[in-house]
Amino acid sequence: MTNARTTKVGKRHPCPRCGARDVAAILWGYPSYSEQLERDERAGELFIGGCMPGPSRYRCNACRTEFGKFGEIGELGALGEEPSDPIR
């Protein structure tokens with residue numbers, strides 16, 4: 001059975017720092033707020049990273065470690081995604 005958290009970010013691999021699987025996708029830039037965006041943020045699905053894009057794609061909700069660098073060979077595959085997959 002697939003849950004909503006798995007479908008949004010891909011496979012849930014553990015945080016490289018603490019091992020938690022509670023991971024949120026980082027949304028960089030100025031998002032247009034919507035009710036869905038707010039629900040995803042409150043649920044820990046999404047983390048609003050700020051206006052200046054950073055190098056990380058994901059943030060651990062347990063220890064706040066950011067990981068999954070854009071363009072880092074092997075890292076994206078380890079997260080179960082193809083490099084061309086957009087973050088939703």
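Two strands count as paired if DSSP finds at least two bridges between them. The exercises below apply this to a predicted model.

**Exercise 1.** How many helices and strands are there in the protein, and what pattern do they follow along the sequence?

Solution. Counting the elements gives 3 helices and 4 strands. Reading along the sequence gives the pattern α-β-α-β-β-β-α.

**Exercise 2.** Which strands pair with strand 1, and in which sense, parallel or antiparallel?

Solution. Step 1: take strand 2, residues 46–50; 4 bridges link strand 2 to strand 1, in the parallel sense. Within this pair, Ile26 stands opposite Phe47 of strand 2. The connection between the two strands passes through helix 2, residues 35–42, and this β-α-β crossover is right-handed.

Step 2: take strand 3, residues 56–60; strand 3 runs antiparallel to strand 1, with 3 bridges between them. Here Ala25 has Tyr58 as its bridge partner.

Step 3: apply the cut-off. Both pairs qualify because at least two bridges are required, and the counts are 4 for strand 2 and 3 for strand 3.

**Exercise 3.** Is strand 1 mostly covered or mostly uncovered?

Solution. Strand 1 spans residues 23–28, and 5 of its 6 residues are buried, so with buried meaning under 20% relative accessible area, the strand is mostly covered. For the protein as a whole, 33% of the 88 residues count as buried.

**Exercise 4.** What area does the protein expose, and what share of it do carbon and sulfur atoms supply?

Solution. The exposed area is about 5,700 Å², and carbon and sulfur atoms supply 54% of it.

Terms used. Residues numbered from 1 in each chain as written. Predicted model: local features only at pLDDT ≥ 70, side-chain atom pairs only at ≥ 80, totals over all residues. Heavy atoms only, no water. Buried < 20%, exposed > 50% of the residue type's maximum accessible area, 1.4 Å probe, protein only. Right-handed = clockwise from strand over helix to strand, strands pointing away. Areas by Shrake-Rupley, 256 points an atom, 1.4 Å probe, with all protein chains shown as cover.
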